[in-house]
Amino acid sequence: MRLPLVALALLIVLAGCAKPPPSAYVAGASLPGGHAGGLPLGDNTANEACTLLRSGGDGSVYCGTWQQPSARVSPAGAASPTALPALAAGGSWRSALESRYRCQPPQATTILDGSPAELLQCTQRVGGWPHVAVVASIGGQGWFGDGVLPALPVMERAMGVMAGRISPAAASAAVTSGADQLLASRLAAQAFSSGDVGQYDQLMTVAAEANAAENFAGAEAAYRAALALQRKALGPHNPDTALTIMNLALQVSDQGHYAEADLLFAQAAALAPRASDPTTIARLNHYEALHALNQGQFSIALQRLRLAAKDYTQLLPAGVLEARPAPDAAGSVFAGPGANLGQLLPNRDLLTSITTRNSLLGLIEVRRYESIVLRRLGQDQEALTALRAAQTLATANGVTQPVLMARLARTSAADLSAAGLHGPAASTFGAAAADFARAIPDSRPVAETELLRAGQLVAAGQPDAALGLCHRAIGLLRALKLGTSATLIDPCLDAYAAGAHGPKAQDLLAEMFAASQLAQGTVTSTEIAQATARLAANAHNPKVGAAIRARQDAAQALGRLYRERDRMQQITGEAAAQAALESRIAQARTALANADAALQAAAPNYGQLVQQVASAKQVFAALQPGEAFVDTELGPSHGWSFLLRDGTIHVARIPGGEPRMAGLVQHIRASIEGAGALPPPFDVADAHALYQDVFGGFGKAFAGTRRLVVAPSGPLLSLPFALLLTAPGKPGDLGAAPWLIREMTVAHVPAAANFVSLRRVAGTSRATRPWFGFGDFQPVTLAQAQASFGARCGDSAQLFAGLPLLPYATRELTAARELLGASSSDELLGPAFTAAAVEKLPLSRYRILHFATHALLPTDLACQNEPAIVTSAPAGARSAAGALLTASAVMGLHLDANAVILSACNTGGPSGGQAGEALSGLARAFFYAGARALVVTHWSVNDQTAAYLVADTLARYAAKPSAGLGGALRAAELAMIDGAGKALPAELSHPFFWAPFALIGDGGGERMGTTASASPARHRAPL
């Protein structure tokens, strides 16, 4: 049983009592928001107005807009000056102070008009903000005070008023003291206000709540803002920023950006040993374990979890570790509501010590995750032991927070499921879902736990009972615009299929189709959804389209700056550069805020335009006569194919699921990508088996399809479906093989919603010119390549400098230009074809863009960290940097293209040995920039045959645009197959030569044919 894999920063959410609310300090007084009835104390050192609110013998000082006290003052009883060192060094006041702050030894000083005092310079354990504490003797009466650093002067005045030394009328007058002078340099160096601290606390709370709801992007944004506040006040390398950095790293990891998370964790690791919070090292190991778990590195995760457990344990009193549940808690994970607080918290340290609370919560979570990892490693008994240890720690120490209760219950239910106890597991998942609903209602954890419960009911043979849970959970995920894993969604798909009979069958299949899309979300499909929303708006109102693009560009720019800052934090001695970068980040934040406001005004329904799920009704409306749409969903044991055609939904089970599909794709690709001059024998058996698995279950419903649009998933994304065999074939007679493309035109889309949105915007370009071509690159020299890649990347430099000229690419461009009626000036060739020149062109004027050159993916060039199109280097360039048009640069282009021809290498993406994106970052970038369709290749192809096939495709497209680009590509491929062994060399019937090209986007002809065309991608090699 697989649980949702979520790495959550639980501690801040559950340790919300780390700072009591104002009511804990001020009983019966008016709370902040004007501080009605308070006594003005003047300004603190940050120029914030401060007010004293009294309650009994105690006083709280509020400054600025902060909703918590900036300082607290309380009487200490009779105390002579000689008693002050002892009061400052020990006792209950100092213990309470140390629970929240790390303080240096007290220093003798004076306050007010010379009253003796002891001053303690402290640092907040959680957040690292400077704090100050004072013990004073005023007229023989002792006083305690502590507050944020800028509040020291007003805290002294509050003491003076409460001791009767200062009259209320004179309270706001400035008072110079020895304590002020002692801290003068620190006060000057720390330019922060009470409002900064309050805003930091608020951001950390918002971030933790977003994290708990599994809104990782929202949590990332809040943690970044909190970190910016800290760095502004404390400095860029302050060790107390480590906790915020590691929380940020975890959100980045949770979104799958592992390399970026590695950089952030490295920063946190460098700072953590010097942090004020004793739990910092434990949390670092804890969060790095979750980072490893996100990546499926179970052994590393277990090692890190055990280090974290050891660190947390060392911070906990023996009474907490040795506590056992009370008799009335037996058989229950947690004590019920209304229990006596003293019974629930047998160790008083839990009431007073932030370190103890956070360490206990951390240890409970670490033990729970140990259970999850051990179960993944097949160590079921050890997993159960770890879970029981977590439950015992919680029950014995009265930890009753609903979020933690929900997580423990969910993990317990997973153990019951693994043991085959589906009924009890369903019940326990239900309890967990109820706890999540109380703590974080209408959130992803609620929905996913309901899906887990539904899965147990299906496993117990109760699919009908699961349908209500599936409906509710899927509806919530759709409302949140969130996806989930195939493992969680599959039992619901099974339940829908089992119940799809009778008059309501099509309704259930429509819901099943929509549900399946929640397990198919990819970066590509999301970016296409955003881009097509912009293009659709632009077709009606260019100003709205411009507002959407401006907002998207602002978000991309800010993200790039954040990543640049993450990298720069690894470099010391770059203070000026870091300051300049922070200024750029601030400007980028402002630009994004302005762009958000402009977009809200121009297109208030933009969020509704970005579809994640397409309904069956929407797909039917987009389909043309004779056209079928097939969507696939792959789970760990089986999958489902959906055929939508002529107003009817058909479903078929895919045997073996993702593991079987990955194996078939690997075998087929291996029979195409050989190391020799000619490809190896083609695997006709697996090409037919894959066709049978995906389409065979539809029977006669699939017959007669003339055009197919397919949305593959997982490993199927990296295979052009044109090469599938509809019947058994003979390896020695590929020319006569029953290829799928013989029966129909094939187009691909990443997701159903992309099909609907791309079909909506197909052929809507406002561009007035037909075509622009790029090619005839000039290779860089080895010296230029070495200057770009450095001594450590010699292999990459040699490969880059060794890329051969492409004589047939130039012929391809000439043919395309003539066929499509473009001008001879609509080309950028030879030395003029540089990355900078491409970026300067007004490309939105052209309906078709055609790149005939090399392209490089990170899999090709180890030292190139993003995909790029190869251009010529600028004249006289020392390095080869200007000879790479990167994916980031492509995203900055402004296109209005019906199609883009990427006639370069392997632009569709890597081999199908792994599930993932079929489209590389390069193809995604072109969609983002404004392309409506692409034709890409899935492997390196021959220069001469690629040029021949592209030219033939465009010739057929120009002659019959009503057939669309997909129809033209199909006709050109069939002509090559049928001509092999006749007018063409016999080996060209092998799919290596004719099948790498895949149309990504609209598969129709009529609208596409009005203005546009597109073409393939390849890495060229001599014939």
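The exercises below, each with a worked solution, concern a predicted model of a protein.

**Exercise 1. Overall description**

State how many helices and strands the protein has, what share of its residues is buried, and how its contacts and surface are made up.

Solution.
- Step 1: The secondary structure consists of 41 helices and 23 strands.
- Step 2: The protein has 1023 residues, and 59% of them count as buried.
- Step 3: Take the contacts between residues at least 6 apart in sequence; 72% of these join residues at least 24 apart.
- Step 4: The accessible surface is about 37,100 Å², and carbon and sulfur atoms account for 55% of that surface.

**Exercise 2. Nonpolar cores**

Identify the residues of the largest nonpolar core that touch the most other members, and find which helix gives this core its largest share.

Solution.
- Step 1: The largest nonpolar core has 177 residues, and those touching the most other members are F629, F695, L723, F800 and F926.
- Step 2: Helix α22, residues 463-480, supplies the largest share of this core, with 8 residues.
- Step 3: Another core lies apart from it; this one has 93 residues, including V132, L290, L393 and L408.
- Step 4: Now list the contacts of F629, leaving aside residues up to four places away in sequence: among them are F513, V619, L623, F642, L643 and L644. The list for F629 also includes V709, A711, V749, A752 and F755.
- Step 5: As background, nonpolar side chains in soluble globular proteins tend to be buried together.

**Exercise 3. Aromatic rings**

Classify the pair F698 and F702 from its ring geometry, and say whether the two residues are buried or exposed.

Solution.
- Step 1: The structure contains 17 aromatic pairs. F698 and F702 form one with a distance of 6.4 Å centre to centre and an angle of 45° between the planes.
- Step 2: Pairing requires centres within 6.5 Å, a stacked pair has planes under 30 degrees apart, and an edge-to-face pair has planes over 60 degrees apart. The F698 and F702 pair is therefore tilted.
- Step 3: F698 and F702 are both buried.
- Step 4: Elsewhere, one aromatic cluster is formed by F772, F774, F833, Y846, F851 and F926. F926 is also one of the residues that touch the most other members in the largest nonpolar core.
- Step 5: A charged residue also meets a ring: R368 lies over the face of Y369, 4.7 Å from the ring centre.

**Exercise 4. Strands β1, β2 and β3**

Work out how β2 pairs with β1 and with β3, and describe the two hairpins.

Solution.
- Step 1: Strand β1 (residues 39-43) pairs with β2 in the antiparallel sense over 4 bridges. In this pairing G42 stands opposite C50.
- Step 2: The β1 and β2 hairpin has 5 residues between the strands, and N47 in the turn has a positive phi of about 65°.
- Step 3: On pairing with strand β3 (residues 58-63), β2 is again antiparallel, over 6 bridges. Here S55 stands opposite D58.
- Step 4: The β2 and β3 hairpin has 2 residues between the strands, and G56 takes a positive phi near 65°.
- Step 5: Strand β2 spans residues 49-55 and is mostly covered, with 5 of its 7 residues buried.

**Exercise 5. An open sheet**

Give the strand order of the sheet that contains β19, and name its edge strands.

Solution.
- Step 1: The order is β18-β19-β20, an open sheet of 3 strands with antiparallel pairing.
- Step 2: β18 (855-856) and β20 (884-886) each pair on one side only, so they are the edge strands.
- Step 3: Between β18 and β19 (residues 868-870) there are 2 bridges, and L856 stands opposite A868.

Note on methods. Residues numbered from 1 in each chain as written. Predicted model: local features only at pLDDT ≥ 70, side-chain atom pairs only at ≥ 80, totals over all residues. Heavy atoms only, no water. Phe/Tyr/Trp six-rings, centres within 6.5 Å; stacked < 30°, edge-to-face > 60°. Buried < 20%, exposed > 50% of the residue type's maximum accessible area, 1.4 Å probe, protein only. Lys NZ or Arg CZ within 6 Å of the ring centre and 35° of its normal. Contact = heavy atoms within 4.5 Å. Areas by Shrake-Rupley, 256 points an atom, 1.4 Å probe, with all protein chains shown as cover. Core = buried A, V, L, I, M, F, W, Y, C linked by side-chain atoms within 4.5 Å.
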